[in-house]
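Work through the two exercises below with the model open. Try each task before reading its solution.

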Amino acid sequence: HNVGCPATDLLLRVDVGTPPPDAGQLLLVSYNPVTTLPPERNYLHMRAILEACQTYRSLHTLVVGPNHDPGEQAVWRAIRDTGAVAEPSMPHSQFVRLMANAAVMLGNSSAGIREATYFGTPVVNVGTRQQGRAVTRNVLTVPARMEPIRDAIAVQLAHGRYEPEQPFGDGGAGLRIAEILATGALPLLGKHITY
């Protein structure tokens, strides 16, 4: 049964409102540590992202703090060392509103892959954390170095918003799941011992 993703149901319930007048002036950064890398590499990757953002002085950069994976402190150190404005965390609805109205979202968060497409937000996906995932037209993936990141931001700013896509469902997954469970449309599962 292909029902869509229940998380998309929640995403599409958020009222993103009308874009504020300065909506096109925000670079929204969300970078989480890559757990297969040593902390110093995570530091360098985050620093490259923030230094690329600094080349766009007419835009405001807002960083959402990293998750609590190993390497988190290195990411925070890069934020402090570059003097970036950072929010440790924020309510989901506030993050969605920012993402929906940002000029460009960048970093390596799955939100850039799975959620930003619903709003047509241009995304610069940095590094390998999301490697192998299906991406939509709004996503450019670049190495975690300042110059490619800076250039990809320019490409996305020049392009502007993309046509929204709905690759992970249309907001009705929960209802479809409930209907399938209620009608007994699932086959009985039996245990099969093979040892």
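**Exercise 1. The largest pocket**

Task: Find how much space lies in the largest pocket, which residues lie nearest its centre, and how its lining divides by class.

Solution:
1. Start with the volume. This is a predicted model. Its largest pocket holds about 290 Å³ of space.
2. Go to the lining. It consists of 17 residues. Nearest the pocket centre lie Ser30, Asn32, Val64, Phe95 and Ser109.
3. Assign the lining to elements. Two helices each give two or more residues: H4 (92–101) and H5 (110–114). H5 supplies the largest share, 3 residues.
4. Sort the lining by class. There are 8 polar, 6 nonpolar and 3 charged residues.

**Exercise 2. Helices H2 and H6**

Task: Describe how the axes of H2 and H6 cross, give the handedness of the crossing, and list the residues that meet.

Solution:
1. Locate the helices. H2 covers residues 39–54, and H6 covers residues 146–159.
2. Take the axes. They come within 8 Å and cross at roughly 45°.
3. Classify the angle. Roughly parallel needs an angle under 35 degrees, and roughly perpendicular needs 65 to 115. The crossing is at roughly 45°, so H2 and H6 are oblique to each other.
4. Add the handedness. The crossing of H2 and H6 is right-handed.
5. List the contact residues. H2 brings Ala48, Ile49, Glu51, Ala52 and Cys53. H6 meets them with Met146, Ile149, Arg150 and Ile153.
6. Sort the contact by class. It has 7 nonpolar and 2 charged residues, and no polar ones.

Terms used:
Residues are numbered from 1 along each chain as its sequence is written. This is a predicted model: local features need pLDDT of at least 70, side-chain atom pairs count only at pLDDT 80 or more; totals for chains, interfaces and linings use all residues. Side-chain values use heavy atoms; hydrogens and water are left out. On a 1 Å grid over the protein atoms alone, a cavity is a set of points where a 1.4 Å probe fits but cannot get out, and a pocket is an open set with protein on both sides within 12 Å along at least five of seven lines; lining residues have an atom within 4 Å of a point. Grid points are joined across faces, edges and corners, and a volume is the space filled by probe spheres set on the points. Helices (H or I, at least four residues) and strands (E, at least two) are DSSP runs, numbered from the N terminus. Ala, Val, Leu, Ile, Met, Phe, Trp, Tyr, Cys and Pro count as nonpolar, Asp, Glu, Lys and Arg as charged, and the others, Gly among them, as polar. Axes are lines fitted to C-alpha atoms, for helices over the stretch in contact, and angles run from 0 to 180 degrees between N-to-C directions. Angles under 35 degrees count as roughly parallel, over 145 as roughly antiparallel, 65 to 115 as roughly perpendicular and the rest as oblique. A crossing is left-handed if the near helix is turned anticlockwise from the far one by less than a right angle, and right-handed if clockwise. Contact means heavy atoms within 4.5 Å.
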